[in-house]
Amino acid sequence: MQLNSSEISDLIKSQIEKYEPETEARTEGTIVSLTDGIARIHGLADAMSYEMLEFPGNTFGLALNLERDSVGAVVLGPYTHLSEGDAVKCTGRVLEVPVGEGLLGRVVDSLGQPIDGKGAIEASGSKPIEEIAPGVIARKSVDQPVQTGLKAIDAMVPVGRGQRELIIGDRQTGKSAIAIDAIINQKDTGVKCIYVAIGQKASTIAQVVRKLEEHGALDHTIIVAASAADSAALQFIAPYAGATMGEYFRDRGEDALIIYDDLTKQAWAYRQVSLLLRRPPGREAYPGDVFYLHSRLLERASRISAEHVEKITNGEVKGKTGSLTAFPIIETQGGDVSAFIPTNVISITDGQIFLEADLFNAGIRPAINAGLSVSRVGGAAQTKIIKKLGGGTRLVLAQYRELAAFAQFASDLDETTRKQLERGERVTELMKQAQYSPLSVAEMAVSLFAANEGYLDDVDVSQIVAFESSLHSYMKSSQQALSEKINVEANYNDETVQSLHDAIKDFKANHTW
Amino acid sequence: MAGENLTIARPYAEAVFGRAKDSAKLDHWSDVLSLLATIVQDERVACAISNPKTESDQRVSLILDICGKHLDVEGQNLVRLLVRNARLNVLPEIALIYEGLKNESQGNLDVQVVSAYEMTEAQESSLAAALKKRLGREIRMSSEIDRDLIGGVIIRAGDLVIDGSVQGRLRKLATELGI
């Protein structure tokens, strides 16, 4: 980190100004054993659960096990300089992270410390990482969409603000790609994003940061990074730290989107900590409270009413609802969704986007399985026009898959079946979308409209992608007014239908693809 | 592990304390336990009692012989019980917990005061009075001198540590400045 000389003296000046030498009275204990980052501490009779403990050398720990004669704590960060017999002090505080607008555009670790070399963070304050989720009265139902910019998701599994939508799939099926696209698409929507990377390679995190920067999406994003090299304790608290940062925006009547990439690794980290603390192992060696680990985290994603926002902010923010939308990511092994952690998280969330390796390898990207992917609350939040136009997509794809399996054996097919197969093939092709190229509502609407109204039927399957991109550029150049109107109003009425018919007919008659 | 030994020792210590209180022999038991703890911590004795070849009876008679007439019947019974349960090694912890229980019931508190310079009697008595007021117990003060503190005192009362030393303040300043 580079600091210039004035900064250093300013810092010292301010520190001297407010530094008050006071006699401190604190409870102290001694380390009796230190194994794999777990310290057993004798003494500390009044330590609280989840209290921060101060170790020598400006190191902190988290008291997790409060036992009769000892306290079991995880050391946050490196622990090689600690040894048996060292004094440990209570701090009287639970673990807190900085929150506020100042974090946007920054990369921080699980404790909210900057790790991007851009200097100190100007936070609005700090909040405990473990907060109880809003209660029943404080909540409001989900009725505004989060546009991910991906046709397949916005049409088939829409996500609303305040929803928890799981992204699940094997490794290398494009889970993170969906999340990154969703962040990029929030650029001009005012939705603040938090990307929590848990147990990932530091190189992968660096790549994500660079991609977001390239697409101008870093300015509305906070990256909380607990890489594979960080201690298990830091990996397991990272999602909570991220949720606290997101709740700050929610509680101020704004909208935020948080991505936990991924919760499988967080569960692994928690399992490691639990086993080292000698908590009894249960199924797949996870501790008994691994369900609560995820449920209490995901409950914090919610939409809260304007009255509640007003109450929290003491009347500062009026008439605005707040929301925190969560995209937890779970990695399955060999497509097995019936393993412990996947079933847990599926049951907690409001739906899932199921990605399949076979589809991915067949070139269908995003590799969304239309049959198994659902959104339990998003329908209420979907934009009207996409709801109307995209409603049939799921059905077409589901029927297509069923027929395609049969049609492999049939030599001659009747007219209807053949038509259905052709339509399905084209819709499948249409649902393909390149990474980092989110679409606007108007672009999505025109694509879906073309498919619904049979404008694709005479286009060769291999030409669908090209046709779509030409159509989009035509809409952008020649039908600006219509695009604008759909984007702003997002209404589906006779007038829009007529305009879309005219536009596509004009395009097909006068343009090539 | 120290924590486990304490857990094992607690019921014995509580039982001894209960018996001592009933028979009003708190100080006597205190002596007995500290004697036994010293004996089992002696290298030669520890070696003999941890030797698997030593029979239970031999262990009992070994310890009883060393203690001689310092042990009354109840003390001997405790030794026999501990040998039978193979818990002789937790005697130091039993003594420790017993002392804690005894101090608590008598409203006493051991306080360790570390100072940079030797304190005058007036200082000591005013400190003791202040601590008594704050902690609400009778204070038994032991003092120690550590020149490294530079100035001021550190007071240790059980888990509670009151750090009023110059060294502690300097360390705090260093943390504030991030050095």
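Modeller: Let's start with a term: a residue is buried if 20 or more other C-beta atoms lie within 10 Å of its own. By that count, buried residues make up 21% of the 179 residues in chain B. Please keep in mind that this is a predicted model.

Biologist: Thanks! What makes chain B more spread out than a compact globule?

Modeller: Its radius of gyration is 21 Å, whereas the globule rule gives 16 Å for 179 residues; the value is well over the rule, so chain B is more spread out than a compact globule. The C-alpha atoms of the chain fill a box of roughly 60 × 40 × 25 Å along the principal axes.

Biologist: And which elements build chain B, from the N terminus on?

Modeller: The order is α-α-α-α-α-α-β-α-β-β-β-α, which gives 8 helices and 4 strands. As for contacts in chain B with a separation of 6 or more, 66% of them join residues 24 or more positions apart.

Biologist: Let me ask about two loop residues. Why does B:A86 count as exposed or buried?

Modeller: The cut-off for exposed is 12 or fewer C-beta neighbours. B:A86 has 11 inside 10 Å, so it counts as exposed. This alanine lies in the loop between α5 (73-84) and α6 (91-106) of chain B, and it has a positive phi of about 55° although it is not a glycine.

Biologist: How do you know which exposure class B:I150 belongs to?

Modeller: B:I150 has 14 other C-beta atoms within 10 Å. Exposed needs 12 or fewer and buried needs 20 or more, so B:I150 is partly exposed. Its place is the loop between β2 (138-145) and β3 (153-157) of chain B. B:I150, too, has a positive phi, of about 70°, without being a glycine.

Biologist: Now to chain A. Why are α12(A) and α14(A) described as they are, by the angle between them?

Modeller: Their axes cross at roughly 60° and come within 9 Å. Roughly parallel needs an angle under 35 degrees, and roughly perpendicular starts at 65; the two helices are therefore oblique to each other. The crossing is right-handed. On the α12(A) side, the contact is made by A:R426, A:E429 and A:L430, and on the α14(A) side by A:I464, A:V465 and A:E468.

Biologist: What about the largest nonpolar core: which residues touch the most other members?

Modeller: They are A:V196, A:A233, A:I258 and A:A445, out of 133 residues. Helix α5 (residues 232-251) of chain A gives the largest share, 12 residues. Apart from this core lies another, of 23 residues, with B:V40, B:L82, B:V90 and B:A95 among them.

Biologist: And which residues does A:V196 touch?

Modeller: Leaving out residues up to four places away in sequence, A:V196 touches A:V224, A:A238, A:P239, A:G242, A:I258, A:I259, A:Y260 and A:D261.

Biologist: A:D261 caught my eye. What is the peptide bond from A:D261 to A:D262, cis or trans?

Modeller: That bond is cis, with omega near -5°. A:D262 sits in the loop between β15 (255-261) and α6 (263-276) of chain A. The peptide bond from A:R365 to A:P366 is cis as well, with omega near 0°; A:P366 is found in the loop between α10 (357-361) and β19 (374-375) of chain A.

Terms used
Residues are numbered from 1 along each chain as its sequence is written. Chains are lettered from A and ligands numbered from 1 in the order in which they are written. This is a predicted model: local features need pLDDT of at least 70, side-chain atom pairs count only at pLDDT 80 or more; totals for chains, interfaces and linings use all residues. A nonpolar core is a set of buried Ala, Val, Leu, Ile, Met, Phe, Trp, Tyr and Cys residues joined through C-beta atoms within 7 Å. Two residues are in contact if their C-beta atoms, placed from the backbone, lie within 7 Å. The radius of gyration is taken over C-alpha atoms; the globule rule is 2.2 Å times the number of residues to the power 0.38. Axes are lines fitted to C-alpha atoms, for helices over the stretch in contact, and angles run from 0 to 180 degrees between N-to-C directions. Angles under 35 degrees count as roughly parallel, over 145 as roughly antiparallel, 65 to 115 as roughly perpendicular and the rest as oblique. A crossing is left-handed if the near helix is turned anticlockwise from the far one by less than a right angle, and right-handed if clockwise.
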